[in-house]
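Today I sat down with this model to look at its strands and its enclosed space. Here is the entry, for anyone who likes to follow along.

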Amino acid sequence: MRFEDFWYVVCESKQLKLKTILQRTVLDEWLVVFRGDDGKAVVLRDRCMHRNSRLSHGKICAGNIQCPYHGWVYDKTGKVVAVPAEGENFQVTDARRVLCYDTQEQDGYVYVRLTQNPSQEFAPFKMPCYKQPGWETVRVINRFRNNVTNCAENFIDIPHTISVHPGVFRTPDASQLEMTVERRNGSVFASYRNETTNLGWFTHFLNSQGYEIRHIDSFHMPNITSVEYDMGTHRKLFITSQSIPEAADSTLVYTDVTFNYGIWNKLARPFVKWTAQYIIHQDVAVLNMQWQVIEKYGSNFANTPADTIHIFVESIRNQIAQGEDPRNLPEKSLQIKFWV
């Protein structure tokens, strides 16, 4: 198993108009993204095979893409279909072809898979409750100067919230929480108990009666995190993040906040989006600081029991990095107590 076997977001579907050209990087591979003459998403290696220019700086011609340097034209399969300098002598040949990658569109995202021969067939992650009746979704996109593992761990980490997001998310009150952490089938699940009212600015709106919250955090190989809060009827939300590996020190994160607040859905949209972006900006800063230290001193961590969820995530990603299937790791389940 390799990281290239999986599907990664390259853009939102609505971003990719018929004449749009997007430049992306996934797993250090330069990509150009556009729509072919049939309207379907196309992803090619962002390199003209002639004199090594970048196709992403070119233009769309009848669903094909033209290099900005010498005008070579590539179709949706990556094949060269025109060479201006050859005039009437030009002939289409399979030898002139740039790498073309498989694409899919699902839940308003365009996905790419970088391998031509996957170890097995995977599907893009299904976004929870996307466009289902009674649910609203807001999307935010942010770039982190850190790697996928550290980003994913941050998104499902409770202890940092009282230090990095005081007030807006949680306030330190030395309350004891309990969690069950499980690793199974390439995923990690953390189920929390004893959460009630420590929800920051919106506690009164989200859980005015102080009911015990059903809260589950999860990680799904190789790069998906999902945070689920169920605070009663019409007080439910999912925060799902897809961390796209651009390079060792750069991760582009697409985050969906999907919520069901009943009659408040439309009114809540701008507040949900503003709050999500406010919190993420704080995480961008703290993860940038973490990466600076990692670059200087390495990535050895001193763990507490509350970090068990991180240890499980790291074990899964390490297996893929070694070419192994993390679903073969033994299942584990631990009961943890910690304070926030």
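My notes below go through the sheet pairings and then the cavity.

Before anything else, I noted that this is a predicted model.

**Open sheet.** I looked up the strand order and found β1-β10-β9-β4-β3-β2, an open sheet of six strands with antiparallel pairing. Its edges are β1 (7-12) and β2 (22-26), each of which pairs on one side only. I also checked the twist: neighbouring strands here are turned by 35° against each other on average, direction ignored.

**Inside that order.** I picked out β3 (residues 29-35) and β4 (residues 41-45), which run antiparallel and are joined by five bridges. Across this pair, V33 stands opposite V43.

**Strand β12.** Which strands does β12 bridge to? I found β18 (residues 332-339), joined antiparallel to β12 (residues 176-184) through eight bridges, and β13 (residues 187-193), also antiparallel, through seven. On the β18 side, I have V181 of β12 opposite L334. On the β13 side, E178 stands opposite R193. β12 and β13 form a hairpin with two residues between the strands, and there N185 takes a positive phi near 55°.

**Cavity.** How many cavities of 30 Å³ or more are there? I count one, and the largest cavity has a volume of about 30 Å³. I wrote down its lining as I156, D157, I158, P159, M179, Y192, A306, I309, H310 and F338. Sorted by type, that lining gives eight nonpolar residues, one polar and one charged. A nice link back to the strands: M179 is on this list, and its number falls in the 176-184 range of β12.

How values were computed. Residues are numbered from 1 along each chain as its sequence is written. This is a predicted model: local features need pLDDT of at least 70, side-chain atom pairs count only at pLDDT 80 or more; totals for chains, interfaces and linings use all residues. Side-chain values use heavy atoms; hydrogens and water are left out. On a 1 Å grid over the protein atoms alone, a cavity is a set of points where a 1.4 Å probe fits but cannot get out, and a pocket is an open set with protein on both sides within 12 Å along at least five of seven lines; lining residues have an atom within 4 Å of a point. Grid points are joined across faces, edges and corners, and a volume is the space filled by probe spheres set on the points. Ala, Val, Leu, Ile, Met, Phe, Trp, Tyr, Cys and Pro count as nonpolar, Asp, Glu, Lys and Arg as charged, and the others, Gly among them, as polar. Two strands pair if DSSP finds at least two bridges between them. Helices (H or I, at least four residues) and strands (E, at least two) are DSSP runs, numbered from the N terminus. Axes are lines fitted to C-alpha atoms, for helices over the stretch in contact, and angles run from 0 to 180 degrees between N-to-C directions.
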